[in-house]
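Work through the exercises below with the model open in your viewer. Try each task before reading its solution.

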Amino acid sequence: MTETQERAHQERSLKDDIREIVADEGPISIERYMALALTHPTKGYYTTRNPFGVEGDFVTAPEISQMFGELIGLWAAEIWTLIGAPPRIRLVELGPGRGALMADALRAARAAPDFFQAIDVHLVEASDLLAEQQRQALRDSGKPVTWHKGLDEVPQGPAIFIANEFFDALPVRHYLKTAKGWRERLVGLDPEGELAFGLSEETEPYIKAKAEDGSILEIGAAAQRLMTQIAARIVTENGATLAIDYGYARTAFGETLQAVKAHQFVDPLAEPGQADLTTHVDFSALARAASSANARVHGPVEQGAFLRELGIFQRAETLKRNATPEQAAQVDSALARLIGDAADEMGALFKVLAVTRRSVKEAPGFAPAGAEA
Ligand code: SAH
């Protein structure tokens, strides 16, 4: 491309780019659509903005309170002891956002000096913009940090992987049961040339699920692949994983793709690159992926139960001890948001899953694993 063409291309919206791809190549999978919308190198949602906080599009647990990252830092220190305290271990965060979780985790981890000494920090982040924010957040962490664009770039060796609201950003595919069989739901163009959902012409013979016509199956192949890779690393190299996400514990029919902009739901096809796209994570599929790599799965448990087990009440009391009444009220309100377990609250909606080698029978925050395995 010439420089002028390059500029014209750059100024065009991602939506126009996607329309052109569909016009040239035919309808694309939801998986490809999500990947373009979220992580297109120059026009993707995460690559072009800071989505977090009250002024952004959504608020995540580490942004609600420092307690969240601190407890995860202490979890990492405890699990490190349980896996045999390898003298060098990588602490790897997937999708660290603004870096708050890791900053809080590392501060808390100083309470376990042997662990703090043993770790090297690695961050997997698709967005250069967010990587820069992470650099600033971790400037005074006392640990050198290495960035990677994907898990494959993280060197082999013992590692503790942490992922909060990461798996929900990985692209999925949708299949719809019709009278003729399962067809893939695709993103195409309607008669006006607007992006619209449609169906593949061909059916997918390898999907065997029995379901009524009209049922939708959402398959998070990228998430499952990633979990398999992480679990395989843990089995061969030692380590552990902690994954926290909005999700469900048992595979079910139905689709959960949603777009959020400025704290409101919007049409997922309306503004690719301008709104966050997520799905609810299928934790049973992640658990199957880890088990099939011969790792042990702990949980999933609800976030509220997990944080209570890790001692969030005690942590809140400690923070309130030296706080003004206003700060104390903030700690209480953050606590309620993180652990509230009514059906529509974070403490219940978010699930936590850990993965270790099979020899590790218990993980902090989880009830003991069953005696069967
Ligand atoms: N964990 C943070 C941020 C969650 S948002 C928090 O809890 O606040 C998702 C994060 O994952 C962002 O940092 C985003 O840029 C990153 N991300 C999304 N898809 C990615 C991908 N395919 N590869 C690497 N990073 C990705």
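Three exercises follow, each with a worked solution.

This is a predicted model: local features need pLDDT of at least 70, side-chain atom pairs count only at pLDDT 80 or more, and totals for chains, interfaces and linings use all residues. Residues are numbered from 1 along each chain as its sequence is written, and side-chain values use heavy atoms, with hydrogens and water left out.

**Exercise 1. The ligand site**

Task: Find the residues that come nearest to the ligand, then list polar contacts and coverage.

Solution:
- Start with the shell. There are 16 residues around the ligand, where "around" asks for a heavy atom within 4 Å.
- Thr60, Gly95, Gly97, Glu125 and Asn164 come nearest.
- Sort the shell by class: eight nonpolar, five polar and three charged residues. Nonpolar is Ala, Val, Leu, Ile, Met, Phe, Trp, Tyr, Cys and Pro; charged is Asp, Glu, Lys and Arg; the others, Gly among them, are polar.
- Now the atom pairs. A polar contact is a pair of N or O atoms within 3.5 Å; within protein, one must be able to donate a hydrogen and the other to accept it, and residues adjacent in sequence count only if both atoms are side-chain atoms.
- Gly95 places a backbone N or O atom 2.7 Å from a ligand nitrogen.
- Gly97 places a backbone N or O atom 3.0 Å from a ligand oxygen.
- Glu125 uses a side-chain N or O atom, 2.5 Å from an oxygen of the ligand.
- The ligand alone has 570 Å² of accessible area, and the protein covers 92% of that (Shrake-Rupley method, 1.4 Å probe).

**Exercise 2. The setting of Thr356**

Task: Is Thr356 buried or exposed, and which side chain does its own side chain meet in a polar contact?

Solution:
- Locate Thr356 in strand 16, residues 350–356 (strands are DSSP E runs of at least two residues, helices H or I runs of at least four, numbered from the N terminus).
- Thr356 is buried because its relative accessibility is 0% (buried is under 20%, exposed over 50%, partly exposed in between; 1.4 Å probe, protein chains only).
- Its side chain makes a polar contact with the side chain of His298, at 2.8 Å.
- A polar atom of the Thr356 side chain also lies 3.5 Å from the backbone oxygen of Val360.

**Exercise 3. Backbone exceptions**

Task: Where does Asn238 sit, and what is its phi? Which residues does the cis peptide bond join?

Solution:
- Recall the norm: most residues other than glycine have a negative phi, and most peptide bonds are trans.
- Asn238 has a positive phi, near 80°.
- Asn238 sits in the loop between helix 10 (221–237) and strand 10 (239–248). Asn238 is buried, at 11%.
- His263 also has a positive phi, near 65°. His263 is partly exposed, at 39%.
- Gly299 and Pro300 are joined by a cis peptide bond, omega about 5°. Pro300 lies in strand 15 (residues 296–302).
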